[in-house]
Amino acid sequence: MRKLSVSVLKLTSCSGCLNEVLYSLVARAELLRYLNISYFTELQDSNAIEDVDVAIVEGSIVNSEQEELVKQVREKSRVLIALGTCAVFGGVQSLRAGEDLRTVVLASYPNPDHIKVLPEVKSVDSVVNVDYRFSGCPANGEALARFLVKLVMGGSESPIVESLCSECKRKGILCVTVFDGKPCLGPITLSGCGALCPSFRRGCYGCYGLNALIVDREKLEEFSKVVERLGMSREDFMAMLKAFSYSSLTKSSSSR
Ligand code: SF4
Ligand code: SF4
Ligand code: SF4
């Protein structure tokens with residue numbers, strides 16, 4: 001079997017998704033034998049972005065250098081994967097959207113003149129074409145490792161788009177809304193985490209991002225009233241959407 005050449009790139013992010021990838025790869029020594037990792041931010045010293053079979057990109061795009069870098073990576077990769085909610089939706093960096101940029105920068109850095117960021121936070125697919133998306137904050141490293149195994153074997157992935165409630169049902173988890181009266185964003189959130197929060201009797205806060213295929217603007221508005229009746233303030237609801245689904249929200253509003 002031919003080795004798969006891979007580069008792994010970090011943009012603006014917390015590295016949580018890359019750590020998940022590392023844990024999964026370390027646990028799969030047999031997979032590592034079939035990967036030729038030419039570039040891995042934070043893991044090996046190399047500045048060269050080479051032609052690869054697969055490029056995995058973590059993080060959102062907040063400056064023009066990152067925009068250029070992502071374009072270069074796209075040109076040099078056969079398959080490009082956006083890893084994590086930052087890369088897929090913009091992520092927690094998007095909480096600054098709509099705020100005065102200078103105020104935000106001043107609140108974070110002592111010398112704001114050294115900070116050059118775009119006025120907006122961009123997901124990877126708002127700049128280049130993305131072949132596969134693994135959302136989640138952090139993303140599920142095991143799911144990515146399983147996907148890499150398929151690519152090594154010459155296969156591909158058929159994404160399943162469903163909401164988190166489906167995972168709850170398959171696992172037989174009692175619904176925290178129905179049984180405990182707690183607000184839960186599961187009905188509007190993409191599946192993939194294995195219903196982690198409900199399995200600990202907590203409501204989902206939407207870190208895998210909005211399932212925009214089934215939730216349009218009207219449904220979102222109706223849903224916000226449901227969670228409000230269950231005790232979640234509109235402010236908290238909107239902050240969660242902004243933090244984990246930003247690019248999806250802006251796409252659906254700009255397409256109307
Ligand atoms: S998606 Fe979450 S865990 Fe992953 S890099 Fe972004 S903030 Fe970190
Ligand atoms: S706990 Fe949340 S995700 Fe699970 S079934 Fe209920 S609403 Fe859906
Ligand atoms: S249940 Fe929701 S908030 Fe919790 S890990 Fe899964 S998607 Fe994220």
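In the predicted model, ligand 2 is enclosed by Leu164, Cys165, Cys168, Lys169, Cys175, Val176, Cys184, Gly186, Pro187 and Pro198. The main contributor to this shell is helix α7, spanning residues 164–171, which provides four residues. By class, the shell around ligand 2 comprises eight nonpolar residues, one polar residue and one charged residue.

Ligand 3 is surrounded by Leu164, Cys193, Cys197, Pro198, Cys204, Tyr205, Gly206, Cys207 and Tyr208. Its shell contains eight nonpolar residues and one polar residue, with no charged residue. Leu164 and Pro198 thus appear in the surroundings of ligand 2 and also in those of ligand 3.

The shell around ligand 1 is formed by Ser13, Cys14, Ser15, Gly16, Cys17, Glu58, Thr85, Cys86, Gly136, Cys137 and Pro138. Helices α1 (16–26) and α4 each contribute at least two residues to this shell. The composition around ligand 1 is five nonpolar, five polar and one charged. Two members of the shell, Cys137 and Pro138, are joined by a cis peptide bond with omega near 5 degrees. Pro138 is located in the loop that connects β5 and α6.

Helix α1 also shows a division between buried and exposed positions. Cys17, Leu18, Val21, Ser24 and Leu25 are its buried residues. Viewed down the axis of α1, these buried residues fall within an arc of 120 degrees, so they line one face of the helix. An α-helix has 3.6 residues a turn, so residues three or four places apart point the same way. Tyr23 and Val26 are exposed on the other side of α1. Cys17 is therefore a residue of the buried set of α1 and is also listed among the residues around ligand 1.

The largest pocket of the model encloses about 990 Å³ of space. Its lining consists of 32 residues, of which Arg133, Pro159, Ile160, Val161 and Ser191 are the closest to the pocket centre. Elements giving two or more residues to the lining are α4 (84–89), β5 (132–134), α6 (141–152), α7 and α11 (234–254). Among these elements, α6 gives the most, with four residues. The lining is made up of 14 nonpolar, eight polar and 10 charged residues. Both domain 1 (4–152) and domain 2 (164–254) take part in the lining of the largest pocket, each with at least three residues. Helix α7, one of the elements that line the pocket, is also the helix that gives the most to the shell around ligand 2. Helix α4 likewise has a part in the pocket lining and in the shell around ligand 1.

Positive phi values occur at two residues other than glycine that are described here. For Ala195, phi is near 55 degrees. Ala195 is placed in the loop between α8 (176–180) and α9 (196–199) and is buried, with a relative accessible area of 0%. For Arg201, phi is near 65 degrees. Arg201 occupies the loop between α9 and α10 (217–229) and, with a relative accessible area of 28%, is partly exposed.

Several further positions were examined for their burial and for C-alpha separations. Gly90, in the loop between α4 and α5 (101–108), counts as buried at 0% relative accessibility. Gly90 and Val62 are 28 residues apart in sequence, and their C-alpha atoms are 9.2 Å apart in space. Ala48 is part of the loop between β2 (35–40) and β3 (52–58). In contrast to the buried Gly90, Ala48 is partly exposed, with a relative accessible area of 35%. The C-alpha atoms of Ala48 and Ser7 are separated by 9.9 Å, with the two residues 41 residues apart along the chain. Ser224 belongs to helix α10 and counts as buried, at 3% relative accessibility. Between Ser224 and Ser126, which are 98 residues apart along the chain, the C-alpha separation is 26 Å.

How values were computed:
Residues are numbered from 1 along each chain as its sequence is written. Chains are lettered from A and ligands numbered from 1 in the order in which they are written. This is a predicted model: local features need pLDDT of at least 70, side-chain atom pairs count only at pLDDT 80 or more; totals for chains, interfaces and linings use all residues. Side-chain values use heavy atoms; hydrogens and water are left out. A residue is near a molecule or strand if one of its heavy atoms lies within 4 Å of it. Ala, Val, Leu, Ile, Met, Phe, Trp, Tyr, Cys and Pro count as nonpolar, Asp, Glu, Lys and Arg as charged, and the others, Gly among them, as polar. On a 1 Å grid over the protein atoms alone, a cavity is a set of points where a 1.4 Å probe fits but cannot get out, and a pocket is an open set with protein on both sides within 12 Å along at least five of seven lines; lining residues have an atom within 4 Å of a point. Grid points are joined across faces, edges and corners, and a volume is the space filled by probe spheres set on the points. Domain bounds come from an automatic or database domain assignment. Buried means under 20% relative accessible area, exposed over 50%, partly exposed in between (1.4 Å probe, protein chains only). The arc is that of the directions from the helix axis to the C-beta atoms.
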